[in-house]
Amino acid sequence: MGNGNLGHPVLIGQAGPLNGNRWTVHDAMIIGRDPTCEIVIPDRQVSRFHIRLDVNDDVVIVEDLGSKNGTFINNIQILGPTPLKDGDDLSIAYIQQFVFLSSDSTLPLDSNMLQHGHRKNRLFVDPKSRRVWINEKEVLPPLSVPQFRMLQILYNQPGTVVSRQELVLTIWGDREALGISEQALDALVRRLRKRLAGADPNHEYIVTVRGYGVRLENPEI
C-alpha cells in the first residue's frame, strides 16, 4: 500500500478488495489481476493487465488494455485513452472502485486547518482530500464515494434537514437518480451512520427526520 506524497496525484481504493489503500501516481503503472502489476486486484472479473495509467505533462491518462469487463470513469465506460480529473471515480470491471485526487488535494490535515472555525465541532470534512475526522482522529478506511457525498451535503448544511430528493439527486446525479429506490437511500444512510458510529459510538451524527429527510448533528468539541 502506498501513501500520498506532496506533488503527486493519488488513487484511493474505495469499494472493492483494495478499499482504504492509497497509491501515488508518479510514473506509468499497470492495474490488473496479474501479480506483476503495480496494483493487483485479486478477482477473476479483472483482466490480467486491465488498464494502464500514464503521466503526460502532469495529466494522468487512463487506457483500457482490451479488458473483458471494461473500465469506467464516473460510471461511463471509456473507449480510448482518457484523462482523469480531480475527484473522478475510476471503476475496474465494477469490482474495484478508486477515487482520483490531483496533487493539490493530498495535503494532510495541519495545524492551520485545525484552527479553522469548523474545528470547533467534533466532525470535520476536508472536501479536497475527501477525508473525514471525528475528534481529530481520521475515519479509516475512507468512506465510499456515495457515503462521502452524502456526508458532505449534510456537513455543508449543519442542523438543516436535507430532503431525500435533494440527497438522491446530489449523490447519484440526474441520470441515475430515477433508478434509485427509497430502500437504496435508506441503506446508504445506515451504512454512513454505522461508519461514523465506529469512530464515535457516543453520538448519533446522522439523524433521520421521518417523512422528509436527513440532518447532521455535529456538536462542538
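Here is a chat between a biologist and a modeller about the structure above.

Biologist: What kind of model is this, and how are its residues numbered?
Modeller: It's a predicted model, so local features need pLDDT of at least 70, side-chain atom pairs count only at pLDDT 80 or more, and totals for chains, interfaces and linings use all residues. Side-chain values use heavy atoms, with hydrogens and water left out, and residues are numbered along each chain as its sequence is written, from 1.

Biologist: How many helices and strands are there in the chain?
Modeller: Helices (H or I, at least four residues) and strands (E, at least two) are DSSP runs, numbered from the N terminus. Going by that, the chain has four helices and 17 strands.

Biologist: What percentage of the residues count as buried?
Modeller: Buried means under 20% relative accessible area, while exposed is over 50% and partly exposed is in between (1.4 Å probe, protein chains only). The chain has 221 residues, and the buried part comes to 44%.

Biologist: Which helix holds Arg164, and is Arg164 buried or exposed?
Modeller: Arg164 sits in helix α3, which covers residues 164-177. Its relative accessible area is 17%. That is under the 20% limit, so Arg164 is buried.

Biologist: Which residues is Arg164 in contact with, leaving aside neighbours within four places in sequence?
Modeller: Contact here means heavy atoms within 4.5 Å. With those sequence neighbours set aside, the partners of Arg164 are Glu182, Leu185, Asp186, Tyr212 and Gly213.

Biologist: Which side chains make polar contacts with the side chain of Arg164?
Modeller: A polar contact is a pair of N or O atoms within 3.5 Å; within protein, one must be able to donate a hydrogen and the other to accept it, and residues adjacent in sequence count only if both atoms are side-chain atoms. One such contact, of 2.7 Å, links Arg164 to Glu182, a residue in helix α4 (residues 182-199). Another, of 2.9 Å, links Arg164 to Asp186. The names you want are Glu182 and Asp186.

Biologist: How far apart are the C-alpha atoms of Glu182 and Arg164?
Modeller: Along the chain, Glu182 and Arg164 are 18 residues apart. In space, their C-alpha atoms are separated by 8.6 Å.

Biologist: Why is α2 described as largely enclosed by the rest of the structure?
Modeller: Helix α2 covers residues 145-155. Among its buried residues are Val145, Phe148 and Leu151. It is largely enclosed because the buried residues number eight of the 11.

Biologist: Which residues does Gln147 touch, not counting those up to four places away in sequence?
Modeller: Gln147 is found in helix α2 and is buried, at 7% relative accessibility. Its partners are Leu188, Arg191, Leu192 and Arg195.

Biologist: Which element gives the largest share of the lining of the largest pocket?
Modeller: On a 1 Å grid over the protein atoms alone, a cavity is a set of points where a 1.4 Å probe fits but cannot get out, and a pocket is an open set with protein on both sides within 12 Å along at least five of seven lines; lining residues have an atom within 4 Å of a point. Grid points are joined across faces, edges and corners, and a volume is the space filled by probe spheres set on the points. The largest pocket holds about 400 Å³ and has 21 lining residues, with Asn75, Asp89, Gln97, Pro146 and Arg149 nearest its centre. The largest share, five residues, comes from α3.

Biologist: Which residues line the largest cavity?
Modeller: The search of the whole structure turns up one cavity of 30 Å³ or more, and the volume of the largest cavity is about 30 Å³. Its lining is made of Gln14, Arg130, Leu143, Ser144, Val145 and Phe148.

Biologist: Where is Ala93, and what is its phi?
Modeller: Ala93 lies in the loop between β10 and β11, and it is buried, with a relative accessible area of 10%. Its phi is positive, in a residue other than glycine, with a value near 55°.

Biologist: How far apart in space are Trp133 and Ala199?
Modeller: Trp133 lies in strand β13 and counts as buried at 6% relative accessibility. In sequence, Trp133 and Ala199 are 66 residues apart. From C-alpha to C-alpha, they are apart by 8.8 Å.
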